[in-house]
Amino acid sequence: MGRKKKSETLNTKVIPVYFSKDNNLIQSKSQMTLNGRKIFDAAIMNVREQKDKDGDTVICAELSGQELREFLGTSSGSLYERVKELLDTNPVRRPGGKPAPNLLDWKIVMYDDEKKKIDASNIITDAKFENGQMRIVFNKRFKKNLIGYQNNYTMLDRTIVSKFTSNYSYQLYQIFKKTIDREVAITHEKGPFELNMDLIDLKVQLGVIAANADAILYEAVTDDSVTTYDAIGAIKDEKLLKSLREYGNFRRYAIELAKKEINELSDIYMDYDGILKGKGGRGVGFKFIIQYKDKKEQQVEEKKADIDVFDFIDEMRDFMGGDFSSKDLKSIAETAGFDMSKIKQAFEIMTCVRGGVDNPTGFMIKAIKDDYKQSKPQKPRGKSTFNNFTQNSYNFIELEEQLLDN
């Protein structure tokens, strides 16, 4: 095989894994789609100032097809069709007659709490896709949020965010990451940390409802002095009011599925409780419990994401017998990081102990933790079906459309 030409090596672009994002952009409120958010973040990674053909300074990003695919988390399908959907001025309408968001119509609401200032503007002024390349030009008003900021930003891992298939997971992960990093810097502790979010404000931030759908709603989600849930009582639009107050489906189709994806695919562990109020305990918000996974726990979660835990435990029971409860088997599996070879080795060692052991579960857990070794090879027991698993799957796009149509 001949050596690569020097020009081929120089033209190969290494795409960074980590990128910084201004916290004001993370907490901004928009109804943009998941693909739109991913392309926006791909542009943030590549944003810079340059001169246009007229000699004017513009803030723009130029993205290769490879960079777009890295962020979209796909290696197949037409990039043209994906971009066309985001730029089409007459897009296919969602259930209920709502048009899908257009990248050029994406308005960002920015807050300056110190100056008590709110600034809402379109953030992208021009976008072009040609020959598999995309060029995005940003509104100059947001220069300080895109270039040269020295603080109030969050570092994000492209390999994590590109895996998310739900808009809610994508948004909540960035909100949680920003919150954890801030709390760790302030408290110098690892957590867990508590984040309380109002139901209405959370729905607006995740793009379920537009902040400008009603003047009262807009005031409620942009002014901390207004108690959001109570403020919506004056809204006259019954359909909007019903959607704002709806709690069960939002928890099921947005929060619960986001929890599943974040816990399985990211470096963050989250759980939550509902915030209830008044007679009958109506849901008015969520209390999120969030923290980083330690390295070992993250590896276990990644392993669990690739297998069916119930099948894994059934296979353990096949060669370990019925003396272990499902709870004990799960504890052993988690200690081993769901590595069947470690479990089998510990079990073989235990069966060789003269006189048996009083606490088989405790023995196996210690054997796995302390990496006990056999003194001589043991005959394997039973035929392994390791890795013959099925996975749960969800149509996140369909679920999101159901939620938006509530």
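Two strands are taken to pair if DSSP finds at least two bridges between them. The close-up views below come from a predicted model.

**View A. The hairpin of strand 6 and strand 7.** Strand 6 (residues 124-130) and strand 7 (residues 133-138) run antiparallel and are joined by six bridges. Two residues lie between the strands of this hairpin, and in the turn Asn131 adopts a positive phi of about 55 degrees. Across the pairing, Lys128 stands opposite Arg135 of strand 7. Arg135 also belongs to a network of salt bridges, in which it is linked with Arg48 and Glu62.

**View B. Pairing and side-chain alternation in strand 9.** Strand 9 (residues 193-198) shows an alternating pattern, with Phe193, Leu195 and Met197 buried and pointing to one face. Glu194, Asn196 and Asp198 point to the other face and are not buried. In a regular strand, side chains alternate between the two faces of the sheet. Strand 9 pairs with strand 11 (residues 282-292) in the antiparallel sense, over six bridges. Asp198 has Gly285 of strand 11 as its bridge partner. Ahead of the strand, Pro192 is found in the loop between helix 8 (167-187) and strand 9. The peptide bond leading from Gly191 to Pro192 is cis, with omega near 5 degrees.

**View C. Contacts of strand 1 with helix 3 and helix 4.** The structure as a whole contains 13 aromatic pairs. One of them joins Phe19 and Phe71 in an edge-to-face arrangement, at 5.4 Å centre to centre and with 65 degrees between the planes. Because Phe19 lies in strand 1 and Phe71 in helix 4 (residues 65-72), this pair ties together parts that are 52 residues apart in sequence. Both Phe19 and Phe71 are buried. Strand 1 also carries Lys21, whose side chain meets that of Asp41 in a salt bridge of 2.9 Å, N to O. Asp41 lies in helix 3 (residues 34-46) and Lys21 in strand 1, so the salt bridge ties together parts that are 20 residues apart in sequence. Asp41 and Lys21 are likewise buried.

**View D. Salt bridges between partly exposed residues.** Side chains of opposite charge can pair when their charged atoms come close. The count for this structure comes to 13 salt bridges. Among them is the contact between the side chains of Glu183 and Arg182, at 3.3 Å, N to O. Glu183 counts as partly exposed because its relative accessibility is 22%, and Arg182 is also partly exposed, with a relative accessible area of 40%. Another salt bridge joins the side chains of Glu256 and Arg251, at 3.7 Å, N to O. Here Glu256 has a relative accessible area of 30% and is therefore partly exposed, while Arg251, at 27% relative accessibility, falls into the partly exposed class.

**View E. Aromatic cluster and a charge over a ring.** Phe176, Tyr247, Phe250, Tyr272, Phe286 and Phe288 are linked into a cluster by ring pairs. In a further aromatic contact, the charged end of Lys344 sits over the ring of Phe319, 5.4 Å from the ring centre.

**View F. A nonpolar surface patch and a loop residue with positive phi.** Val17, Tyr18, Tyr153 and Met155 form a nonpolar patch on the surface, together providing about 380 Å² of accessible area. Val17 is located in the loop between helix 1 (6-10) and strand 1 (18-22). With 32% relative accessibility, Val17 is classed as partly exposed. Asn152 occupies the loop between helix 6 (143-146) and strand 8 (153-157). Asn152 has phi near 55 degrees, a positive value in a residue other than glycine, and is partly exposed at 42% relative accessibility.

**View G. Buried positions in helix 16 and the loop that follows.** Ala333 lies in helix 16 (residues 326-335) and is buried, with a relative accessible area of 0%. Ala333 and Ile313 are 20 residues apart in sequence, and their C-alpha atoms are 7.7 Å apart in space. Phe338 is placed in the loop between helix 16 and helix 17 (340-351). Phi of Phe338 is near 60 degrees, which is positive in a residue other than glycine. Phe338 has a relative accessible area of 0% and is therefore buried.

Note on methods
Residues numbered from 1 in each chain as written. Predicted model: local features only at pLDDT ≥ 70, side-chain atom pairs only at ≥ 80, totals over all residues. Heavy atoms only, no water. Patch = residues over 30% accessible without salt bridge, like charges linked within 9 Å, V, L, I, M, F, W, Y side chains within 5 Å. Areas by Shrake-Rupley, 256 points an atom, 1.4 Å probe, with all protein chains shown as cover. Salt bridge = Lys/Arg side-chain N within 4 Å of Asp/Glu carboxyl O. Helix = DSSP H or I, 4+ residues; strand = E, 2+ residues; numbered from the N terminus. Buried < 20%, exposed > 50% of the residue type's maximum accessible area, 1.4 Å probe, protein only. Phe/Tyr/Trp six-rings, centres within 6.5 Å; stacked < 30°, edge-to-face > 60°. Lys NZ or Arg CZ within 6 Å of the ring centre and 35° of its normal.
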